[in-house]
Amino acid sequence: MNLKDLKNSNILTSIFIDNLEHSEMLQETLFSISKQTLAIDLLVIHALNDNDLEILKSMLNSPKIVVRKTVDNELKEEIIESDGKINYALLKTEKTNFSSLFNQTFNAALNNDYELFSIIEKFDIVGLKWY
């Protein structure tokens, strides 16, 4: 996979997304990726149908979280949109095991001259200085 046009960083991170169940948790993960202090490139390896893929693209292009709090015994929701962007590429796969994900990420990092690579899971929320 050629990521030369994507490359905005020396760090490649991949995430595997096989479904959009618990999408709020996935939104939190993507929000945390968008807020990193160091630029990273995200390789989204997925096994989604076309409809779910369009929803995922929307989530990647506009990362946000929902904050819920109780004010005067009433539940309030606030949507916070990220001011950061996610530099990403999509890769469709039929393989869903960790070793395949690792190999795809390793090969993408090696073939595109990344210095570092990592893999996160779709429900990981990473700190601002994770990278």
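**Exercise 1. Isoleucine 40 and its surroundings**

Task: Work out which residues isoleucine 40 touches, not counting residues up to four places away in sequence, and decide whether isoleucine 40 is buried or exposed.

Solution. Start with the contacts: Ser9, Ile11, Thr13, Ile33, Asn87 and Tyr131 are the ones isoleucine 40 touches once residues up to four places away in sequence are dropped. Keep in mind that this is a predicted model. Next, place the residue: isoleucine 40 sits in the loop between H1 and E2. Now check the accessibility. The relative accessible area of isoleucine 40 is 8%, and the cut-off for buried is under 20%, so this residue is buried. Finally, try a distance: aspartate 83 is 43 residues apart from isoleucine 40 along the chain, and their C-alpha atoms are separated by 15 Å.

**Exercise 2. Laying out the sheet**

Task: Find the order of the strands in the open sheet, then say which strands are at the edge.

Solution. Step one is the order: the open sheet has 4 strands, arranged E5-E2-E1-E6, with parallel pairing. Step two, look for strands that pair on one side only; these are E5 (87–92) and E6, the edge strands. Step three is the twist, which averages 20° from one strand to the next.

Now zoom in on a pair. E1 (residues 11–17) and E2 run parallel and are joined by 6 bridges. For leucine 12, the bridge partner in E2 is aspartate 41.

**Exercise 3. How enclosed is E2?**

Task: Take strand E2 (residues 41–46) and work out how many of its residues are buried.

Solution. Split the strand by side-chain direction. Asp41, Leu43 and Ile45 point one way, while Leu42, Val44 and His46 point the other way. Residues on both sides are buried. The count is therefore 6 of the 6 residues, so E2 is largely enclosed by the rest of the structure.

**Exercise 4. Helices on the sheet and on each other**

Task: Say which strands H1 lies across and which strands H2 touches, then describe how H1 and H2 cross.

Solution. Begin with H1, which lies across E1, E2 and E6 and runs at about 175° to E1. H2 also packs on the sheet: it touches E1, E2 and E5, and its direction makes about 165° with that of E5.

Then take the helix pair. The axes of H1 (residues 23–34) and H2 (residues 50–61) come within 9 Å, crossing at roughly 40°. That angle makes H1 oblique to H2. As for handedness, the crossing is right-handed. The contact uses Ser23, Leu26, Gln27 and Leu30 from H1, along with Leu56, Met59 and Leu60 from H2. Sort those residues by type and you get 5 nonpolar, 2 polar and no charged.

One of the H1 residues in that contact deserves its own step: glutamine 27. With a relative accessible area of 13%, glutamine 27 is buried. Leaving aside neighbours within four places in sequence, its contacts are Met59, Ser62, Pro63, Lys64 and Ile65.

**Exercise 5. Two positive phi values**

Task: Locate histidine 22 and aspartate 113, and say what stands out about phi in histidine 22 and in aspartate 113.

Solution. First, the background: most residues other than glycine have a negative phi. Histidine 22, in the loop between E1 and H1, has a positive phi near 60°. Aspartate 113 lies in the loop between H3 (98–111) and E6 (116–120), and its phi is positive too, at about 60°, although it is not a glycine.

Follow aspartate 113 a step further. Not counting neighbours within four places in sequence, its contacts are Lys4, Lys7 and Asn10. Lysine 4 is 109 residues apart from aspartate 113 along the chain, yet their C-alpha atoms are separated by 8.7 Å.

**Exercise 6. Phenylalanine 106**

Task: Decide how accessible phenylalanine 106 is and how far its C-alpha atom is from that of phenylalanine 117.

Solution. Phenylalanine 106 is in helix H3. Its relative accessible area of 36% makes phenylalanine 106 partly exposed. For the distance, phenylalanine 106 and phenylalanine 117 are 11 residues apart along the chain, with 7.2 Å between their C-alpha atoms.

Notes: Residues numbered from 1 in each chain as written. Predicted model: local features only at pLDDT ≥ 70, side-chain atom pairs only at ≥ 80, totals over all residues. Heavy atoms only, no water. Axes fitted to C-alpha atoms, helices over the stretch in contact; angles between N-to-C directions. Parallel < 35°, antiparallel > 145°, perpendicular 65-115°, else oblique. Left-handed = near helix turned anticlockwise from the far one by under 90°. Contact = heavy atoms within 4.5 Å. Nonpolar A, V, L, I, M, F, W, Y, C, P; charged D, E, K, R; others polar. Buried < 20%, exposed > 50% of the residue type's maximum accessible area, 1.4 Å probe, protein only. Pairing = 2+ DSSP bridges.
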